[in-house]
Amino acid sequence: MFDEDEVISALNIFWPKKKKARKNLQDEYLGGKCKWIDIIKIYEETVKNHLDALKNNPNSSKREKIARRIIIDSCLRTPGDYPLFYAMPLYVSGGFISEIKKGNLKFPKVKEHVIPLSLCSGTKMIENPELFEVYQKSVIGPICLITTNEDKGLKAFRKNHPNIEKPFSRYSGLIDVYNTLDGSKIDCSSFSFCDHINIMDKCPAYQSAIKPEFRKES
């Protein structure tokens, strides 16, 4: 376990100020011409259109369903990765901090979508269109940088249906998680999706993607 100062100190080593990682968290355009929410909307609209097309035509051919599934699958990852191209994630693991403190800056790491995007694959959303809401949350859900060793420890829990409202619950007892804004430790067992929204709300880079209904929930 690390205190806040240790976490922030390690992050400043891994993301030096010259890389502007922290500054980018205050940039709602993240160096581009459109906000993150604009990108999310494009992909969400595409997914929704294909789900509606299949719903309105239950007798769609197998070939058509496969084509639409592939398109939906292609819409999953890109909007969820967008902020990481320009800024640090909002969460890192204890193992991640530990490696930095050892002076190892090139250790193997994994970018973990805490609400797995595989939960709402094209196949699953076609079978159950209600997963569209889960897809909306998974795209803006927590992303945590962890070590490959920590990732191996999580693999046994991947098949378990994650708790969307308590996204870090499968980390509990396995991985320590820290908030990169202030270095505070996250309580993985109680940390909620609403708590995540409140953290996002502190950063214009992430803030723009918070939908009104998510704010109401928090």
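**Note on helix α6 and its surroundings**

1. In this predicted model, a good place to begin is the pair of helices α1 and α6, where α1 passes α6 in a left-handed crossing. The axes of α1 and α6 come within 9 Å and cross at roughly 65°. That angle makes α1 roughly perpendicular to α6.

2. The residues that bring these two helices together can be listed from both sides: α1 contributes E6, V7, A10, L11, I13 and F14, and these meet F96, I97, I100 and K101 in α6. As a general point, an α-helix has 3.6 residues a turn, so residues three or four places apart point the same way.

3. How many of the residues of helix α6 (residues 94-101) are buried? The count is 6 of the 8, so α6 is largely enclosed by the rest of the structure. The residues concerned are G94, G95, F96, I97, E99 and I100, and a reader may wish to note that E99 is on this list.

4. The partners of α6 extend beyond the crossing with α1, since its buried residues pack against strands β1 (91-93), β2 (109-113), β3 (143-147) and β4 (177-179), as well as against helices α1 (4-14) and α9 (148-155). After α6 comes G103, a residue whose phi is positive, with a value near 90°.

5. Helix α10 (residues 193-200) can be described in similar terms, for 6 of its 8 residues are buried, so α10 is largely enclosed by the rest of the structure. The buried positions in α10 are F193, C194, H196, I197, I199 and M200.

6. The largest nonpolar core has 62 residues, and those with the most contacts inside this core are M125, I140, F168 and Y171. Of these, Y171 may be followed in detail: leaving aside residues up to four places away in sequence, Y171 touches E112, V114, C144, I146, L154, V177 and C188.

7. Why do C34 and C194 not form disulfides? A disulfide requires two cysteine sulfur atoms within 2.5 Å, whereas the cysteine sulfur closest to that of C34 belongs to C75 and is 15 Å away, too far for a bond. For C194 the closest cysteine sulfur is in C188, at 17 Å, which is again too far for a bond. The structure as a whole holds 0 disulfides. As for their surroundings, C34 is partly exposed, with a relative accessible area of 29%, while C194 is buried, with a relative accessible area of 18%; the value for C194 counts as buried because the cut-off is under 20%.

8. Is S138, which lies in helix α8 (residues 131-140), buried or exposed? The relative accessible area of S138 is 2%, so this residue is buried. Not counting residues up to four places away in sequence, S138 touches H113, I115, L117 and C120.

9. G183 sits in the loop between β4 and β5 (185-186), and with a relative accessible area of 1% this glycine is buried. Which residues does G183 touch, once those up to four places away in sequence are set aside? They are D3, E4, V7, I8 and Y178, and V7 is also one of the α1 residues that meet α6. By contrast, G183 and E127, which are 56 residues apart in sequence, lie 41 Å apart in space, C-alpha to C-alpha.

Conventions. Residues are numbered from 1 along each chain as its sequence is written. This is a predicted model: local features need pLDDT of at least 70, side-chain atom pairs count only at pLDDT 80 or more; totals for chains, interfaces and linings use all residues. Side-chain values use heavy atoms; hydrogens and water are left out. Buried means under 20% relative accessible area, exposed over 50%, partly exposed in between (1.4 Å probe, protein chains only). Helices (H or I, at least four residues) and strands (E, at least two) are DSSP runs, numbered from the N terminus. Contact means heavy atoms within 4.5 Å. A nonpolar core is a set of buried Ala, Val, Leu, Ile, Met, Phe, Trp, Tyr and Cys residues joined through side-chain atoms within 4.5 Å. Axes are lines fitted to C-alpha atoms, for helices over the stretch in contact, and angles run from 0 to 180 degrees between N-to-C directions. Angles under 35 degrees count as roughly parallel, over 145 as roughly antiparallel, 65 to 115 as roughly perpendicular and the rest as oblique. A crossing is left-handed if the near helix is turned anticlockwise from the far one by less than a right angle, and right-handed if clockwise.
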